[in-house]
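Hi everyone, thanks for coming. Let me put the structure up on the screen, and then we'll walk through its helices, cavities and cores.

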Amino acid sequence: MVNLLEVLRQEIAPAEGCTEPIAVAYAVSLAAELVEEEVTAIELHLSGNIIKNAMGVGIPGTGQTGLPIAAALGAVVRRSHRKLEILSGLTPEELAKAEDILKRKLIKVELKDTPEKLYIEATVRSSSHTATVIVAKEHTNVVSVAKDGKRLEPKVDKADCEDPHTLADEVYSVSLEDIYAFIQTTDFEDLRFLLEGANMNKAISEEGLRGEYGLQVGRKMSQQSAVNLFGGDVANRIIAATAAASDARMDGSAMPVMTTAGSGNQGIACTMPVIALAELLGKDEETLARAMALSNLITIHVKHYIGRLSPLCGSGIAGGVGAGSGIVYLMGGSLDQIKHSIQNTIASTSGMICDGAKPTCALKISTATNAAIQSATLAMNNISPSLNDGVIFEQVEDTIRNMETLVQEGLAATDQAILNIMLSKGSSS
């Protein structure tokens, strides 16, 4: 039997800032720690998906966007043990040093020709030494470390002893029935840690509702004004709360979020609708924890077929599917109704592309949250698509697996086309 509790603990982790540029900062920091001396050059060879997801996103504590400042900060802060929270506690002095690296034009970024969707190769040079660190497949999965041409063993801490790839096949062959049984029968105390993520994501949602972050999707939806067509009903309050968290995160808020399957926006998309609805319905902590376990595990399950980094929007599709499932659970729905919700959400959002991490992610997340609420409402009325409808199959697991076929066969060239469009902005301006 797959240990789904271990899956939750592996796939849910705090991060400060968008995971792709922060992973670059992490890799650079590891290399900079090896050279020890003052950095004279930083060379990055990155997969297209890393570049796509790092170009337009705000970097916490800097007021800046994109890869260069993230890489420069990694070279300065040198606290790789913090992993995806590496920029936590950034000081003005550290930011000034990073900006000096940018002014001196020490950073070079190149596209790496690699089949890996998530690939970061960071080379840091000093006057005496050169170090290279390669991170692949997962945001903190160090696969190669070298100093002055000599291979070194990557540092492994206790939390890294379980290789997520060794249990992947077992994890993703698990059925929805197994997931549902797990969240129903697992001791509440074993799931209580999920409430830390609830508090974390709720806090950044509230920050997004207060501040003028990004496109202010959540904030403007929640404000009563003559130009706001959204009311204050339950659905719109849930959508606004979810979008606001992404608004703040994508615009560089220094507040941490709890990520799911390697993405903060996925964590927001699959948990904030559940958190907001549980609060509106007055549900207790145990019910919330079980609903979050369900929404997270189903998001992780769907995300496996879409891919860690993908031409499809993981927050919109996987996160939306997870959110809809959690909503049905909070409303007292059955396993069959959860399956209906999954079918409905995939039918609604399956064509949503990923064009990088940036402020408009909040728009996609608000769309997906609306789809999740709509799908859950239909599911509670026992309505779902039939096998005659598009990519929907009779068995929900077959529908989920169709997302893998869509990515691998139907959208094989989509990532490159999106990246070409994004990179063309620089040449046409």
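Here's a question to start us off: at 1.5 Å a residue, what should the 17 residues of helix 9 span, and how far apart are its end C-alpha atoms? Keep in mind that this is a predicted model. The expected span is 24 Å, because each residue should add 1.5 Å, and the end C-alpha atoms are 25 Å apart, which agrees.

Let's stay with helix 9 for a moment. Its buried residues are Leu194, Leu195, Gly197, Ala198, Asn201, Ile204, Ser205, Glu207 and Gly208. As a reminder, an α-helix has 3.6 residues a turn, so residues three or four places apart point the same way.

Some of those names come back when we turn to the cavities. There are three cavities of 30 Å³ or more. The second largest has a volume of about 60 Å³, and helix 9 gives the largest share of its lining, four residues. The residues around this second largest cavity are Ile12, Phe193, Leu194, Gly197, Ala198, Asn201, Met258, Thr260, Thr271, Met292 and Asn296. Strand 10 (257-260) and helix 13 (285-306) also supply at least two residues each. By class, that lining has six nonpolar residues, five polar and no charged.

Now for the largest cavity, which holds about 310 Å³ of space. Its lining comprises 32 residues, and Glu20, Asn53, Ser263, Ser315 and Cys354 lie nearest the centre. Which classes make up the lining of the largest cavity? We find eleven nonpolar, 13 polar and eight charged residues. The elements that each supply at least two of the lining residues are helix 2 (19-35), helix 3 (48-52), helix 11 (234-250), helix 12 (264-281) and helix 16 (361-380).

Finally, the packing. In soluble globular proteins, nonpolar side chains tend to be buried together. In this model, the largest nonpolar core has 75 residues, and Leu8, Ile298 and Ile342 have the most contacts inside it. Helix 13, which we met at the second largest cavity, gives the most to this core, with twelve residues. If you'd like a residue to click on, try Ile298: leaving out residues up to four places away in sequence, Ile298 touches Leu176, Ile179, Val321, Gly322, Ser325, Ile338 and Ile342. Apart from that core lies another, of 53 residues, including Ala15, Ala23, Val28 and Val142.

That's my tour, and I'm happy to go back to any part of it.

Terms used: Residues numbered from 1 in each chain as written. Predicted model: local features only at pLDDT ≥ 70, side-chain atom pairs only at ≥ 80, totals over all residues. Heavy atoms only, no water. 1 Å grid on protein atoms, 1.4 Å probe; cavity = no way out; pocket = protein on both sides within 12 Å on 5 of 7 lines; lining within 4 Å. Points joined across faces, edges and corners; volume = space filled by probe spheres on them. Nonpolar A, V, L, I, M, F, W, Y, C, P; charged D, E, K, R; others polar. Core = buried A, V, L, I, M, F, W, Y, C linked by side-chain atoms within 4.5 Å. Buried < 20%, exposed > 50% of the residue type's maximum accessible area, 1.4 Å probe, protein only. Contact = heavy atoms within 4.5 Å. Expected span 1.5 Å × (residues − 1).
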